[in-house]
Amino acid sequence: MISQLQKARSAYQPKVPAAIEGATKLAEGKATQSVADQEDIKNLFPNTYGMPIVTFEKGDQEAKVEAFNVGIILSGGQAPGGHNVISGIFDGIKKLNKDSKLYGFLGGPSGLVDHKYIELTSDIIDEYRNTGGFDIIGSGRTKLEETEQFDKGLEICKQLNIKAVIIIGGDDSNTNACVLAEYYLAKNTGIQVIGCPKTIDGDLKNEMIETSFGFDTATKVYSEVIGNIERDANSAKKYWHFIKLMGRSASHVTLECALQTQPNVTLIGEEVEAKNQSLDDVVTYIAEAVAARAAKGLNFGTVLVPEGLIEFIPAIKKLIAELNDMLAANQAEFDTIADDKKIEYVASKLSAENAAIFNSLPVGVSRQLALERDPHGNVQVSLIETEQLLADMVAKKLAEWKKEGKFVGKFATQHHFFGYEGRCAAPSNFDADYCYSLGRVAALLIASGKTGYMSSVRNTTKPAAEWLAGGIPITAMMNMEKRNGKMKPVIQKALVKLDGGPFKYFASKRAEWAIETAFVYPGPIQYFGPTEVCDQPTKTLILEH
């Protein structure tokens, strides 16, 4: 069974840039270089470094293209619009030649290595147009790093006569796409690799990639629920709601939701780091807002907390960096230590300064820092209940202030973490259009013989017909970072710019929002109705442009 909304959405025809509606021609720009560590990146990617940015323009006549087969991979966490990228690729290759075929590798990058796939036909594609999720072929977090994996992938590509592989993923996944493109080009295999920019976190962006897909939809879903909670807070007038939002490495989601809902307190990790704030500084900042509202008889409010906040606090960031290096170097010994002795073992291996900070943290937090690691060997900050930690510490500070006569109100809290709720929502009109366009552009990049490129759609604050379509070499976005104790090439994460339009606007308003009840209730995503209600991009994009 499908819902009535899904039935109605299946008929929606995404809008695309006018330049790719009919015949196209390719325009090449200047040669590129990586954003940092140019010599290192050039040495690691000699075949795909320095390629030009490309743009598709209206052409005179449609070129005849021989049928070609494409394989697609969904990689990493889900993001709204992935199915539209796939339907855009499908329509794009069929438009170029109706005999072209699309294969989906099942369960993420491991599907390529393990030769698990299905052919995606029009019957399957039509069922998934304009829907959320990645369930059409599934996703996974297998990293493509080993030559054995590349060679296994090559076997199935040759078997299925696949001309190109498209990896739909975030910064790590597209780094893998770049490594794969370099390997296949160096080996003269004839297999092209193209990436598509996906992540709801919003940290995969630059001049050519204005936004990653899924960010628009996810932040609108979170903002709807935050608005509902604000309405509840303003009705009951008795709770402070601490709301943690997704965004491990950057605070874009939190900033966008703040711009949409105008909560009382919003923490931006990048600002905490820039100001060299301690955990106590952050707690005091929240407590001051609570006390100021209490003085006006307002014992309620909302606090937005980015998922990765704890890593932005400089002292804790230094602790985590040492923890990551220490555990990478001592993993074999660490694995032999009994669970009840691991905290003690970790503390004994740290520098005196970091050991003191580690031992000062609540036991639950220090345990999560030491024991819960992600596939890259890093701390899983999403498991740290930062919203609960902050609420407890604020309560403690306010109790002290009450004894001193500095706080006259009541302080009761509720805690929330919005993450998975936004990752598989039906895409907004913006994401439906943007993702479909990314897919169509990816098909054109393949037909143009490009490899090691990411599909790019720009000028996205304008109507879709005015969007600019093209591609950017993935090497142009890369720098060197430490992973598992070793320096590795990765796409540079885009953090919130404290001198950028979105943050500056937020900073100009937050003092007023802290004291007043200036809540905004955005309501649910609208798919049908006037353009100003249905097709608006995020406030972040609008303020950036």
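Visitor: A disulfide is a pair of cysteine sulfur atoms within 2.5 Å. By this rule, what does the count come to?
Guide: The count comes to 0 disulfides. Please keep in mind that this is a predicted model.

Visitor: How far is Cys196 from the nearest cysteine sulfur?
Guide: The nearest cysteine sulfur belongs to Cys435 and is 8.7 Å away, and Cys196 is in no disulfide. Cys196 counts as buried because its relative accessibility is 0%.

Visitor: And why does Cys534 form no bond?
Guide: The closest cysteine sulfur, in Cys435, is 17 Å from the sulfur of Cys534, which is too far for a bond. Cys534 also counts as buried, at 5% relative accessibility.

Visitor: Let us step back. What does the secondary structure of the chain come to?
Guide: The chain has 23 helices and 15 strands. Its radius of gyration is 24 Å, close to the 24 Å that the globule rule gives for 545 residues, so the chain is as compact as a globular protein of that length.

Visitor: What does the C-alpha trace span along its principal axes?
Guide: The trace spans about 80 × 60 × 45 Å.

Visitor: How much of the chain is buried, and what area does the chain expose?
Guide: Of the 545 residues, 56% count as buried. The chain exposes about 22,400 Å², and carbon and sulfur atoms supply 49% of that area.

Visitor: Which share of the contacts joins residues at least 24 apart?
Guide: That share is 78%, taken among contacts between residues at least 6 apart in sequence.

Visitor: On to the strands. What is the order in the open sheet of 4 strands?
Guide: The order is S9-S10-S8-S11, and the pairing is parallel. Strand S9 (265–266) and strand S11 (413–418) are the edge strands, each pairing on one side only.

Visitor: How many bridges join S8 and S10?
Guide: Strand S8 (residues 240–245) and strand S10 (residues 301–306) pair over 6 bridges, in the parallel sense. For one residue pair, Ile243 has Leu304 in S10 as its bridge partner.

Visitor: What is Thr254 in contact with, leaving aside its neighbours within four places in sequence?
Guide: Thr254 is in contact with Leu245, Thr266, Leu267, Ile268, Leu304, Val305 and Pro306. Thr254 lies in helix H9 (residues 252–261) and, at 0% relative accessibility, counts as buried.

Visitor: Where does Leu390 lie?
Guide: Leu390 lies in helix H18 (residues 386–404). Leu390 is buried, with a relative accessible area of 0%. Beyond its neighbours within four places in sequence, its contacts include Phe242, Leu267, Val305 and Leu309.

Visitor: How far apart are the C-alpha atoms of Leu390 and Ala426?
Guide: They are separated by 32 Å, and the two residues are 36 residues apart along the chain.

Visitor: One more helix, please. Which residues of H16 are buried?
Guide: In helix H16 (residues 352–360), the buried residues are Asn354, Ala355, Ile357 and Phe358. They cover an arc of only 165° around the axis, so they are on the same side of H16.

Visitor: Why would residues three or four places apart point the same way?
Guide: An α-helix has 3.6 residues a turn, so residues at that spacing point the same way.

Visitor: And which residues are exposed on the other side of H16?
Guide: Ala352, Asn359 and Ser360 are exposed there.

Visitor: What covers the buried residues of H16?
Guide: The cover includes helix H13 (314–329), helix H15 (342–349) and helix H17 (363–371).

Technical notes. Residues are numbered from 1 along each chain as its sequence is written. This is a predicted model: local features need pLDDT of at least 70, side-chain atom pairs count only at pLDDT 80 or more; totals for chains, interfaces and linings use all residues. Side-chain values use heavy atoms; hydrogens and water are left out. Two strands pair if DSSP finds at least two bridges between them. Helices (H or I, at least four residues) and strands (E, at least two) are DSSP runs, numbered from the N terminus. Buried means under 20% relative accessible area, exposed over 50%, partly exposed in between (1.4 Å probe, protein chains only). The arc is that of the directions from the helix axis to the C-beta atoms. Contact means heavy atoms within 4.5 Å. The radius of gyration is taken over C-alpha atoms; the globule rule is 2.2 Å times the number of residues to the power 0.38. Accessible areas come from the Shrake-Rupley method with a 1.4 Å probe; for residues, only the protein chains shown count as cover.
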